[in-house]
Every structure is written in structure tokens, then in C-alpha cells.
Amino acid sequence: MLRYLLHKLALIIPTVFGISLAAFAFVRLLPGDPIMALAGERGVSPERYAELVERFGYNRPYVIQYLEYIGRVLTGDFGISIATKRPVLGEFQALFPATLELATIALIIAVLIGIPAGIFAAVKRGSWFDQATMGVALTGYSMPIFWWGLLLIIFFSGYLGWTPVSGRIGLQYFFKPTTGFMLIDSLISGKSGAFRSAASHLVLPAIVLATIPLAVIARQTRSAMLEVLGEDYVRTARAKGLAPRRVIGLHAFRNALIPVATTIGLQVGTLMAGAILTETIFSWPGIGKWMIDAIAKRDYVVVQSGLLIIALIVMAVNLIVDVLYAVINPRIRVQ
Amino acid sequence: MKKKLTFAAALLAASVLGGMANAKQLVYCSEASPAGFDPSPWSGGNDFDASSRTIYSRLVEFEHGKTTIAPGLAESWTVSDDGLEYTFKLRPGVKFQTTDYFTPTRDLNADDVIFSFERQWKKESPWFSYLEGTGWEYFTGMGFPDLLKEIVKVDDLTVKFVLNKPEVAFLPDLGMDFASIVSKEYADQLDKAGTRQQFTQKPIGTGPFQFVDYQVDAVVRYAAWDGYYGGRQKIDDLIFAITTDPAVRAQKLKAGECDIMSYPAPADIAGLQADPNLKVDEQEGLNIGYMAYNTTLPPFDKVEVRKALNMAVNKQAILDAVYQGAGQAAINPIPPTMWSYNKDIKDDPYDPDAAKKMLADAGVKDLSMKIWAMPVSRPYNPNAQRVAELIQADYAKIGVKAEIVSYEWTEYRERGKQKDRDGAFQLGWTGDNGDPDNFLFLLGCDAIGQSNYAIWCNQEFEALLQKGKATTDVAERTKIYEEAQVVFKREAPWLTIAHSKVFMPMNKKVSGFVMDPLGIHRFDGVDVTE
């Protein structure tokens, strides 16, 4: 097991360097630069431009800039945002809990609905339920998040008035964040109605963010189940006269779970990507919205460091999933 | 049952107590997160709304809803005959805000004024570079480093600005956001504590509201400042709910989650106007959307060609399709709401036949050119791509083939400045300080390579521009600028497209909000009825 873990870790190091290089290069490949972006329509004189380029060090060779950046990152210094002049790590720490909270709830929704839907669709293969579920899943998968989010806002918040339009909690609740997770902080605050307000603010963004992972999980569960349901041991279990629920729940589903678990692990990346748009629509103060703003402002430091931190987190989660996977399925350790 | 009753009683008590503690609150759905709360390093309108216009005051202020200036922290001033010395008498007894992180021991004085400018000007000041890479863009952009010779403390309440050259827009410049007055005493306190960064995170000013809290990218909270020299505000709490998407802002306003919002999407305006709980204020924007020819490249170096192309464009069609009635055709490079606007100038008529003939007379045949379309929506031009398509169709009618090009926003502007740029380049401008020079400078010879996208250096226009800058008498300046507009129209370096309207939707319970021609969102004087 330790060897397996070390092997996985050894793979992560070059990946991290690759990502840091890609993030560094990506933001510089974009047309424009932070100085022009900050100057806006007013523009900036060529002399002033040269002075600022010099001050930020953007006139030095890329290799030197990259090595300096990596050197600082290795000491834990992710730099200071060009636009806001605040430390990147500090901004990340302030905003990440919001994204994590949203992504966690979205993942829970996706798993709780996606897996049973997939199982039922597989068991009732070809039925109207199967076709409807897979149809909805395909629609969910292909729906543009921005449009979907706005549609839900207009209907549930605007027309029905059931949920708040955007934000994390009602503005009447004002307390200093303790954990950064609004559901927990609102409980700790002891203010009546705060938790309810925080929960109701989570509903729509969580549904929107959960849509794609839910569709993927449902489809994956269905196909994994179909594969397993055709296996001999399932037929044997049925032949033994076991109750159908027991055959599906115990024999089939447990074996179908392995690819499903992998899929769920991979959804972390999808959730991070989906968070970018979801947070923008729902004014959710997380790292997705932060990255979008940084890209628009060509904030090199935030984009390169932010992408790196996000990648590190996604890789860490995937590592954990790999380890869990090995725990579930001992054969993998040997391979 | 008993349990239920106890719960109900507790609920009632809580709501009564809550009701008693209910402060008068105004929620503004703003469009973007402020970069910080120091009013001087940043240049975004949303930065100014969140810092300079709420927390700070200036020596002079723009009159609410106008572009004329009025006394602010300076209750009076004198200007020397040569226009080089401005002496300001400060208002006595102006208090800086008292918060849990700063308690002032003295009132505003000349040291604060000097500090506010020198930190942006003197490189040796430790505050010049307290934020990494700060360029003090507005201070530099308005030419202050070259303009200022010295700032002298005459006495505690008198401060004198000595200039290197006369600058008629100096007073309006001092009403701009970057010229907000900050507390030197607070800066000294942070210096001692070694926490200079806090200057932009926990601000202290003399304005109508004091800073309470900022949850990054989500909410900014302010409270009315009891000691404000202009009197305490009627609302107790001012909240900025940061909501980047305009459609979501509109939904929040409809749902009552905010009381007032900025920049509605043109498509949402009719729906907001129809809502019985809302009202939508509107105002002519202090802006211009234009298309600049590259006047250095043939055939656009010929006035007749530029005029012919201008006459080929059906502006009314653009106003109907793109501005959707929220704009008016632009004739001059400055908007009609600005003083010195020349009303006698007539626009080039829409006349494709005449345009075609003029092109033929100028010896231009089979002209193909580029039309540049901005990739972003701006108040002065909500959809440059659509404008380009309409112009393209108009040009086709006179036999001119146009290709539409667009690039990413910063790249777009960068390419637009290049001396060999082909064709006509769409852009626009929104005024900073209400002075005509703040628009006309866009066409000055010095602005080539920066904001003069027509690459147009006309000696007659330039002489008038310089003369206007050196003249203090408003009547005389008006004449100079009227003449400059005549030269502009005759030479046609731009196709002047439109001046757009700006809308401000709000709940009907909001009163006293005055729309500002400079695009500032000010909440002093605003009230809400419960």
C-alpha cells in the first residue's frame, strides 16, 4: 500500500510542475497585459508603460520570471494580486470555503439523486422511467450553465418567490465568519433565521452546479449496473432465489460502485469548472468568480497561482480517491 | 400546547426587539468588487463608488447631479492672476471618522491635504509604494506630476498649490476621486504599527459614510458617519451587494433584495419600468460613442472621403437597433449636456447618393476597408458588433466593401493605436470631470499613441485646445471650444455615433437619489421610506 502511495505521489510532482508551467504560460499567451487592463480606456503613455513593465519585471526573459515564481511558490509565497494588491493565498483562503461549501452540497445532491436514478434506470432498462431519466440526464449534461441558472432564478426567485436570487445569506444577518462555511457560521452565530437563510441561498446554486455531475453519475451508474447485471454471479444469485432488492443492492451495486466512485472523484474537476459560471450568476463569493475577474484583469499573479492551487487541490482529491479505490479493490494495489 | 405558546411568545419578543433595533437601510446592487478602499490607486467606477464617494470628501465637490464645482473640504479659494497659485481655506472642525480601528485626536488640517497628494507624487514617500506596483494612474493620467510645483502649508487651515503652468481644469480635477483627502494621522498610526496595507482595507475619511465591513466579492457595509460635516445621513446603513450579472441585479431589485441597482441591461429596462414597485430614473450620459478613421492613411487622409463615409451612415437605424431608443445621435465630440457644446453645428446629412458622388469626385474607386468592433459592451456603445454590421450595410450601398474585425479588449485598443491601422475604429469616452477639455484632449496631438485613435493632429484644432487650457474665463473658453468643434466637424476625423442614456432603476421607496452625469453613484442625501 505504501509503495502504491509513493508511486502515486511520485507522479504528482512532475504534474504539478507541468501545471505551474502551463498556468504561467496560459495567462501570458492571452492578448493584452495587466498594465493595459488597469489603464482602461484612458490608455497609458509609452514611457509610463515602460516604467510599469520594468517595475513588475515583465521585461525580463520568461525563463527567469518563471524560475523566480516557482522559487517563491516553493517557499509558500504565492505572490500579491496586481489588481487588488492583496496576497493571493489570503484571498484564496477567504474565498475557498464558499466554493467548497457549494461544491460539497452540489456533490451530495448529485450522488443522492444520480446513483438511485442510475440504478432504477438500469433495473428498468428500456422502460419509460429509463428513457425519461436518460433523456433528462442528457439535457442536463448539455445545458449551458449560465442559461440554466438564470432560468431557475427567474422562475423560482422571480416568479414564485421561493428562493433568494443571489448571495450567501440575507443581508440582515451580519457576523464575522468563523469557519467560512456559511451553514456552520450561521448556526454558530446563534441568530434566529440565519441558518434557514443560508440554506435557502444555497438551494439554486447547488442545483445548478449539481446538474452536470448528476447527469454524469446517473449515466455512469446505469451503464455500470447494466454491465454487472449481465454477469453470471448475478444470475446465480437470482437463481438462488434471493430477493431482487438484495441481488441489486448487495451483489450488483457493490461491484458497479468502483467505476462510479472513480466518476465521482473526477467530478471534483467538473465542479471546480462549473463553479466558475455558477458563482458568477449567483454572485457567490468563491474562487470561480475570483478567477474570472482575475483573467479579465490579466492579473498574472492571481491566475497563475490560483490555477496552481486549484490544481493541487483537485490532484489531492484524486489521490485520496485513488487510495480509497485501492482500499475498495485490492487488485488495484497489485497492478 | 404550552411549549408552542412559549415558542410563539419568544418569537414575538424577538421580532419586537428586532423591530426596535431595525435601522434604516439602503441596499445597492453594485456591479463589481472594489479593488480596495484607498480612493487614489484605482481607476474603476465601482472602486470610486465604494471608496471616494462614500467614505471620503475632497477640497471641492461636484454639485450633486451636475458637473459644476462647489466648496467641499475647502470652504473658499483664491486663484492668482497668472493662474499658477491656488490657495484653499479649509473648513474648520471637519472630523475624520472614528471606528474601532482608529480614533482621531485632531480635526482635518493642511497636513492631511499635503499628504493626500504627496503620497501619489513624491517617490521618496514610503506611501508612494505602499501597495506593490501602484502606478497612481489617475494622478499621473491627469498630468499632476508635471503640473504641480509644490504644495505649501500656509497655516493649519490654509494650503497653497503652486503649479508649473496654468491649468483651467485644475479645480474640477480636484473634485475627482483620486484627489480625495485621506488622514495623515491614521497613516502615521499605521506606519508605527507596521501595517500600512490596512490603509486600503480599513479606510478612514471625512465622507458621509464610514466603513464597517467588507466580505470579499460579496458585501460591503457602511454606516452613516455622525460627525459628517455636511450633516448626518437619513439612512443608517448602506450596503453594497456585489452582483456582477445585470440580469441577476434586475431580478434582485424586483424581488426586493436590493433597493437600487447600477447599469441595467438594455433588454431589462422595459420590464423594470413596468414593475409597479419600481421606478427607473434616466439621464443623458456624459459620453460619446464614435468611430475614428486613421487620418494618416490614404484614402482616409482626405477630408472629402471621411465626410462621404460619414454621410453614408444611417445613424437613426443604429439608434433604433442598438441603443433601442436610449440614445441620441451625436453631432459634436462633446455631449449636449456639457457647457460650450456648439448648438449651431449641423450633422452631416444621411445621403448615400451624395456620399457616392463625393467618393467618386475624390477619385476613390472600389474602396475596401476594415470596421473595428469592440468586443465589449460599454454605456456609450452597447453592441459595437451590431453597429459595425449596420455601417457595413450602409457602406455597401455606396460601393464600399467593409470587413468587420474585432480582438480581445486590451489587444483591440493596443492594435487600434498603431499608426498603420487600417480603417475605422469604434470606441467611446465617458467624462471624468465635466470639463470640455476632458473630451477634446482625445483628439490632441499629444494623445496620438494613447487615446487619439484617429491619429489626427490638426494644428488649428490643437492651437484652440491649448488656448482653451490656458484661459480661465469661462465665456472666453466657451467661444474657443465652440470654434474647436467647428474645426472638428469640418475635418471629420470621427464619425460621431451617439450619446447614450444611462438608467438607474430603484424601488419606489427610495427618495433623494440624484443621477450623476459623471457616472458616479452617490448615496448622500438618499432616504428610504419603510
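Trainee: Which residues of helix H8 (residues 182-189) of chain A are buried?

Mentor: One counts the neighbours of each residue: a residue is buried if 20 or more other C-beta atoms lie within 10 Å of its own. In this predicted model, the buried residues of helix H8 of chain A are A:Met182, A:Asp185 and A:Ser186. Seen down the axis of H8(A), these residues fall within an arc of 100 degrees, so they line one face of the helix.

Trainee: Which helices do the buried residues of H8(A) pack against?

Mentor: Their partners are helix H5 (88-123) and helix H9 (194-229) of chain A. Just after H8(A), A:Gly190 takes a positive phi of about 75 degrees.

Trainee: Where does UniProt list the "transmembrane region" feature in chain A?

Mentor: An annotation is best read beside the model. The unreviewed UniProt entry lists residues 9-30, 102-123, 144-162, 198-218, 256-277 and 307-328 of chain A. In the model, residues 9-30 of chain A are 95% helix and 0% strand, with end C-alpha atoms 32 Å apart. Residues 102-123 of chain A are 100% helix, and their end C-alpha atoms also lie 32 Å apart.

Trainee: How many residues does each chain give to the contact between chain A and chain B?

Mentor: The size of an interface is often given as the accessible area lost when the parts come together. Here residues are counted instead: 44 from chain B and 47 from chain A. On the side of chain B that touches chain A, the elements giving two or more residues include strand S9 (219-224) and helix H10 (246-254) of chain B. By class, that side has 16 nonpolar, 16 polar and 12 charged residues.

Note on methods. Residues numbered from 1 in each chain as written. Chains lettered and ligands numbered in written order. Predicted model: local features only at pLDDT ≥ 70, side-chain atom pairs only at ≥ 80, totals over all residues. UniProt positions renumbered as here; feature names shortened; annotations may be inferred. Helix = DSSP H or I, 4+ residues; strand = E, 2+ residues; numbered from the N terminus. Contact = placed C-beta atoms within 7 Å. Nonpolar A, V, L, I, M, F, W, Y, C, P; charged D, E, K, R; others polar. Buried ≥ 20, exposed ≤ 12 C-beta atoms within 10 Å, placed from the backbone. Arc of directions from axis to C-beta.
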